[in-house]
Amino acid sequence: MRQYAYDIVYGTLEMNKHSDELFHGVLRDNPFLEQKQKSFLKRLSFGTIERAIEMDARIDQFSKIPTPKMEPPVRTVLRMALYEICYMEQVTEAAACHEAVKLVREKAGERPTGFVNGILREYLRHRDEVAIKETWQKLSVPKELFDHFVSRYGIKTAKKIAGSFLDKSGEVTIHLDKNKISADDYDLLLEREGIAWRKGVYWEEARILSHVPDVRLLPGYEKGLFFVQDESSMLPVACAGIKPGDVVVDICSAPGGKSIHALTELAGRGRLIARDVSGQKVELVKENIRRMGYNNVSAQVWDARRPDTEMAEKADVILADVPCSGIGIIGRKPEIKYHAMENAGELAALQREICEASLSILKPGGVFIYSTCTINRAENEENVQWLESRFGLERESLDCYLPEPLCNRMTAGGMLQMLPGIQESDGFFVARLRKKAM
């Protein structure tokens, strides 16, 4: 399992690949892995990725070579081994050290084995003396990102946001299809399978599950009784007020959660058009919708920056969940934090380009839902203000679409910013705007 975990950690932190894709690639290539093995693999790989900054701070107290200057295989093995020692109680310290030496020998040769063994043994001898002084290292977020939180929200809230990313690991939220099964009936299926779960915080159809390395093994997966969707991601469709018979266009739809949510609201009537920029992304949307069994939908490859004259003023609702820096979902995809601030600046312009091209397909009087999974003002409130001033869109209150605990002065004005660690969800932003009738 450690070799597979190494591939996931190395691929994510050293090659900028996606942890989730790497993990599921291992599962596809090794279909006979037992549940216990899958759980160990997920815990070790995702935990190491999540706490790499903290692990580096610990390693650097015992190494003459700073972690950024280490050979990548050596750095990867040390991070994994130290994560096992610090956070995986079921692994003995001796086993963690022994397996680390074996792994680094396989990945980097004999030369660094003494170095790795020495660092780990020295750490174990002096672990009670280890002190991590910097808050951003303790919370395992890049300093630039933590400083951004502090400047925007203050130190107290910044700590809660960063801390919440660590608290989210190991959970998955599913959205039950209310047209196929009631929440109570599905609860019985979960209990029968011995799966740990709790009700969603905000939505009746949400169930939060623990220790589920492979959702395909959950009851009702093949029958399309549910789809994976975090509670915050349910906000765009909930705030859209979609009715049976509407024409809905989801302009950046992959992997398909919001499209499926819209289909459950259409309940077999009306039409959904799910679009994304590449054939690979659209195939993923098709695969997920096919499992759910809905037919009143077409999935299309379409660059959302390109106007569509054939669809001009035909959509009742546009779902614009635009590409973003993803800061709000670091708890689900921990590698995002390592590059979030690099990408945030250039994304606002792309988001505006997408919105401008897409507005031409919205009917006069139609609803435009703008959303992101970030907590960056430039990508959120400032873009909504631009939409209002540039195109004359009018914000509408979200309060009648939201559970009472989420309603506040901001939602009355047509916008909602969810903050991880403050609300019980990922970070997310949504705004409801209406195109003026002619």
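**Reading the words against the values**

Guide: Val249 stands opposite Ile318 in strand 8, and in this predicted model that is a good place to begin.

Visitor: What makes strand 5 and strand 8 a pair?

Guide: Two strands are said to pair if at least two bridges are found between them; three bridges join strand 5 to strand 8, so the cut-off is met and they pair. The two strands run parallel.

Visitor: Which strand lies along strand 8 through six bridges, and in what direction do the two run?

Guide: Strand 9, residues 362–372, is joined to strand 8 by six bridges, and these strands run parallel. At one point of this pairing, Ala320 has Tyr370 in strand 9 as its bridge partner.

Visitor: How do you know whether strand 8 is largely enclosed or largely open?

Guide: A residue is called buried when its relative accessible area is under 20%, and seven of the seven residues of strand 8, which spans residues 315–321, are buried; therefore strand 8 is largely enclosed by the rest of the structure.

Visitor: How are the four strands of the open sheet ordered, and is their pairing parallel or antiparallel?

Guide: The order is 2-3-1-4, and the pairing is antiparallel. The edge strands are strand 2 (197–199) and strand 4 (226–228), since each of them pairs on one side only, and from one strand to the next the twist averages 30°.

Visitor: How do you know that strand 1 and strand 3 count as paired?

Guide: Five bridges join strand 1, residues 171–176, to strand 3, residues 206–210, with the two running antiparallel; since at least two bridges are required, they count as paired. His175, for example, has Ala206 in strand 3 as its bridge partner.

Visitor: Why is Asn16 called exposed?

Guide: The word exposed applies over 50% relative accessible area, and Asn16 has 51%, so it is called exposed. Asn16 lies in the loop between helix 1 and helix 2 (19–29), and its phi is near 60°, a positive value in a residue other than glycine.

Visitor: Ser140 also has a positive phi; is Ser140 buried or exposed, and how do you know?

Guide: Ser140 has a relative accessible area of 0%, and because the limit for buried is under 20%, Ser140 is buried. The phi of Ser140 is near 55°, and Ser140 lies in the loop between helix 8 and helix 9 (143–153).

Visitor: What is Gly154 called, given its 26% relative accessibility?

Guide: Partly exposed is the term for values between the limit for buried, under 20%, and the limit for exposed, over 50%; at 26%, Gly154 falls in between, so it counts as partly exposed. Gly154 is in the loop between helix 9 and helix 10 (155–167).

Visitor: Why is the pair Cys373 and Cys324 not called a disulfide?

Guide: A disulfide needs the two cysteine sulfur atoms to be within 2.5 Å, whereas the sulfur of Cys373 is 3.4 Å from its closest cysteine sulfur, in Cys324, and is therefore too far for a bond. Cys373 itself counts as buried, at 17% relative accessibility.

Visitor: What rules out a bond for Cys355?

Guide: The closest cysteine sulfur to that of Cys355 is in Cys252, 8.5 Å away, which is too far for a bond when the limit is 2.5 Å. Cys355 is buried, with a relative accessible area of 1%, and the structure holds zero disulfides.

Visitor: Which peptide bond is described as cis, and what is its omega?

Guide: The bond joining Ala254 and Pro255 is a cis peptide bond, with omega about 5°. Pro255 is found in the loop between strand 5 (247–250) and helix 13 (257–266). Helix 13 also holds Ala262, which is buried because its relative accessible area is 0%, under the 20% limit.

Visitor: What surrounds the second largest pocket, and which residues lie nearest its centre?

Guide: The second largest pocket is lined by 18 residues, and those nearest its centre are Ala52, Ile53, Asp56, Arg79 and Tyr338. The lining divides into seven nonpolar, four polar and seven charged residues, and its largest share, four residues, comes from helix 4. About 290 Å³ of space lies in this pocket.

Notes. Residues numbered from 1 in each chain as written. Predicted model: local features only at pLDDT ≥ 70, side-chain atom pairs only at ≥ 80, totals over all residues. Heavy atoms only, no water. Axes fitted to C-alpha atoms, helices over the stretch in contact; angles between N-to-C directions. 1 Å grid on protein atoms, 1.4 Å probe; cavity = no way out; pocket = protein on both sides within 12 Å on 5 of 7 lines; lining within 4 Å. Points joined across faces, edges and corners; volume = space filled by probe spheres on them. Nonpolar A, V, L, I, M, F, W, Y, C, P; charged D, E, K, R; others polar. Buried < 20%, exposed > 50% of the residue type's maximum accessible area, 1.4 Å probe, protein only.
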